[in-house]
Amino acid sequence: MNDTTTQYETSPLISVKNLKKHFPVRSGFFSRISAWVKAVDDLSFDINTGETLGLVGESGCGKTTAGRALLRLIEPTAGTIHFKGKDFLKMSAAELRAMRRHLQIIFQDPYSSLNPRMTVGNIVGEALKVHGMATGAELDRRLDKLLDRVGLSPSYRSRYPHEFSGGQRQRIGIARALALEPCFIVCDEAVSALDVSIQAQIINLLRDLQAEYHLAYLFISHDLNVVQHIANRVAVMYLGKIVEVAPAKTLFESPKHPYTQALTAANPIPDPDAVHEAKLLEGDVPSPLNPPTGCRFHTRCPNVMDKCKHIEPSLTTVGKGDKKQLVWCHLHGEA
């Protein structure tokens with residue numbers, strides 16, 4: 001877990017309420033909408049300045065969709081997003097364009113996210129030109145500083161993405177995200193495509209940059225060991241919904257939701273002598289086209305009760321202070 005002491009602002013930097021993203025399924029000769037894929041279905045969370053919120057869950061649970069909807073790279077179906085107190089979804093085109101410099105993203109694939117026909121200098125400097133922040137000698141100075149800050153030689157500006165390793169490409173992506181001096185970055189599986197040793201280097205770089213520039217991260221990952229190392233708080237997603245939110249240390253030491261317990265139990269321990277008994281979940285993940293009624297996890301939950309099948313669990317708070325956990329589960333709700 002990130003053990004750096006961070007002082008958060010009184011009000012959250014990002015506040016997401018009831019965020020939804022449903023994709024239409026079209027069929028028939030006229031391509032009429034026959035169903036909806038509920039990829040993200042009613043997410044609510046806050047992220048403070050200087051904080052890292054880890055977003056974890058199985059592949060297909062909606063993590064990446066949530067991150068992109070948060071930045072309006074895809075338009076949400078419903079919900080509200082407030083950035084520094086301003087409604088991000090009601091901004092005009094001009095306001096949105098100006099606001100985008102403050103919110104950036106680091107993509108999962110460090111190769112496909114970089115234009116192979118552009119040099120590193122053009123990739124990193126493009127946004128600076130578009131937003132009118134630097135030209136000429138000032139642009140060159142900023143590019144050199146950015147590349148040096150992420151551990152790359154300024155002489156690489158004239159090279160192309162195919163000339164770099166995966167870790168170096170991801171550093172280029174980080175430099176591009178930093179170019180406009182943002183205060184919030186979505187890290188979408190930012191280290192999952194890298195070797196373990198390179199992952200550690202990139203994670204340490206992200207932590208150093210966060211401390212230096214007071215950045216807030218939404219860190220999306222399926223690797224719990226990585227999340228445990230970098231996140232202040234962790235939100236656990238299952239089939240489009242958040243089922244638990246807690247400080248990272250508390251969540252990994254004492255998970256409350258049965259799904260979180262299964263995830264943490266299945267997490268590999270980097271110790272060959274450690275005894276590790278994984279709690280394997282039974283059954284398949286339901287389709288977001290037709291999610292189960294009640295608690296969406298009830299079809300795989302080892303502690304399922306009758307009301308879990310019909311009644312959606314409400315928010316329950318467990319613990320207090322810096323150990324407070326938010327859980328959506330009947331096991332911890334009112335009897």
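Begin by selecting residues 166–178, helix α5 (helices are DSSP runs of H or I with at least four residues, strands runs of E with at least two, numbered from the N terminus). This helix of 13 residues reaches 19 Å from its first C-alpha to its last, close to the 18 Å expected at 1.5 Å a residue, where the expected span is 1.5 Å times one less than the number of residues.

The structure is a predicted model, in which local features need pLDDT of at least 70, side-chain atom pairs count only at pLDDT 80 or more, and totals for chains, interfaces and linings use all residues. Residues are numbered from 1 along each chain as its sequence is written, and side-chain values use heavy atoms, leaving out hydrogens and water.

Next, colour α5 by burial (buried is under 20% relative accessible area, exposed over 50%, partly exposed in between, with a 1.4 Å probe and protein chains only). Of its 13 residues, 10 are buried, among them R169, R171, I172 and L178. Display the elements against which these buried residues pack: β6 (103–106), α3 (120–130), α4 (136–149), β7 (184–188) and α6 (196–213).

Now move to strand β3, residues 52–56. Because 5 of the 5 residues of β3 are buried, the strand is largely enclosed by the rest of the structure. T52, G54 and V56 point one way, while L53 and L55 point the other. In a regular strand the side chains alternate between the two faces of the sheet.

Finally, add the two partners of β3 (strands pair if DSSP finds at least two bridges between them). Strand β8 (residues 216–220) runs parallel to β3 and is joined to it by 4 bridges; there, L218 is the bridge partner of L53. Strand β9 (residues 233–238) is also parallel to β3, with 4 bridges, and A235 in β9 stands opposite L55.

Definitions and conventions: Contact = heavy atoms within 4.5 Å.
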